[in-house]
Amino acid sequence: MAANCGVCGKAIVLNGKAAHRNITCEICDDCAAQVSGTSGSNVLLESIDAPVLLMQGNPRQVVTANKKALALFGKKLQEVENHRGGQVFDCVHSFTEAGCGKDVNCEGCKIKGAIVDTFITANPHHGVSTELSIKKANGTKTCVVQVSTEKLGDFALVRVERYDAEA
Ligand SMILES: [Zn+2]
């Protein structure tokens, strides 16, 4: 099946790398290779039809996000850029003294585990879900959060597939 790149419009040539591309499967290798922490990545992120965060590895924090992600979290870009993932999700443990990923409660966090593993092994993770305690204006709510991850150059993409209160 032929598909065209969502960024440059060229036909996408399927190759071995495609197996590691579960989020950017509609973006060609050339465009995917150009991802960076600069605004040039916006076209790429906006071409993805889901909320996505672009993360850097060290320190592990969000570099930028697309409009769908900002809408999902109800935040402005400045409230997301250079923040830890948990702060973007409003996870209660990201507001502790140790901070997101370092608090004792973060040890078993599956979202953190998937992102860390993607940075270390470059392997993608599909549909990793967990329950997080989310700080809301009217108190703390347990929310189901589900993400997929993919290594993209020096960065990792995190696609948010669920972020909602437990039924
Ligand atoms: Zn392209």
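Is E107 buried or exposed, and how many other C-beta atoms lie within 10 Å of its own? I start there on purpose, and the answer is that E107 is exposed, with 10 other C-beta atoms within 10 Å. The residue sits in the loop between α4 and α5, and its C-alpha atom is 15 Å from that of S133, which is 26 residues away along the chain.

Before going further, please keep in mind that what we are looking at is a predicted model. The mean pLDDT of the protein chain is 90, with 92% of the residues reaching 70 or more. Among the elements, helix α1, residues 29–33, has the lowest mean pLDDT at 88, while helix α5, residues 110–121, has the highest at 97.

Now the overall layout. The protein chain contains 5 helices and 5 strands, and if you read along the sequence they follow the pattern α-α-β-β-α-α-α-β-β-β. The radius of gyration is 16 Å, close to the 15 Å that the globule rule gives for 167 residues, so the chain is as compact as a globular protein of that length. Along its principal axes, the C-alpha trace spans about 50 × 30 × 30 Å. Of the 167 residues, 35% count as buried, and among contacts between residues at least 6 apart in sequence, 39% join residues at least 24 apart.

Let me turn to the sheet. The 5 strands form an open sheet in the order β2-β1-β5-β4-β3, and the pairing is antiparallel. Why do β2 and β3 each have one side without a neighbour in the sheet? Both stand at the edges, β2 at 60–65 and β3 at 125–136, and each has a single partner strand, so one side of each is left without a neighbour. On average, and with direction ignored, neighbouring strands of this sheet are turned by 35 degrees against each other.

Walking across the sheet from the β2 edge, β1 and β2 pair in the antiparallel sense over 5 bridges, and one pair to look for is M55 with its bridge partner V62 in β2. Strand β1, residues 52–57, is in turn joined to β5, residues 155–165, by 4 bridges, again antiparallel, and here V52 has R159 as its bridge partner in β5. Then 10 bridges join β4, residues 139–152, to β5, with the two strands running antiparallel; V145, for instance, is partnered by Y163 in β5. The hairpin of β4 and β5 has 2 residues between the strands, and G153 there takes a positive phi near 60 degrees.

From the sheet we come to the core. The largest nonpolar core has 38 residues, and those with the most contacts inside it are V52, L53, L54, M55, F155, L157 and V158. The largest share of this core, 5 residues, comes from β5. Leaving out residues up to four places away in sequence, L157 touches I23, T24, V52, L54, T149, E150 and L152.

A second buried position worth selecting in your viewer is F89, which lies in helix α4, residues 85–89. F89 counts as buried because it has 24 C-beta neighbours inside 10 Å, where 20 or more are required. Its contacts, again not counting residues up to four places away in sequence, are L132, I134 and V145. The C-alpha atoms of F89 and A165 are separated by 12 Å, although the two residues are 76 apart along the chain.

Finally, some backbone geometry that deserves a careful look. Most residues other than glycine have a negative phi, and most peptide bonds are trans. D90, in the loop between α4 and α5, has a positive phi of about 65 degrees although it is not a glycine. A122, in the loop between α5 and β3, likewise is not a glycine and has a positive phi, of about 70 degrees. Which of these is buried and which is exposed? D90 counts as buried, with 21 C-beta neighbours inside 10 Å, whereas A122 counts as exposed, with 12.

The last item is a peptide bond: N58 and P59 are joined in cis, with omega at about -5 degrees, and P59 lies in the loop between β1 and β2.

Methods. Residues are numbered from 1 along each chain as its sequence is written. This is a predicted model: local features need pLDDT of at least 70, side-chain atom pairs count only at pLDDT 80 or more; totals for chains, interfaces and linings use all residues. Two strands pair if DSSP finds at least two bridges between them. Axes are lines fitted to C-alpha atoms, for helices over the stretch in contact, and angles run from 0 to 180 degrees between N-to-C directions. Two residues are in contact if their C-beta atoms, placed from the backbone, lie within 7 Å. pLDDT is the predictor's confidence in each residue, from 0 to 100. A nonpolar core is a set of buried Ala, Val, Leu, Ile, Met, Phe, Trp, Tyr and Cys residues joined through C-beta atoms within 7 Å. The radius of gyration is taken over C-alpha atoms; the globule rule is 2.2 Å times the number of residues to the power 0.38.
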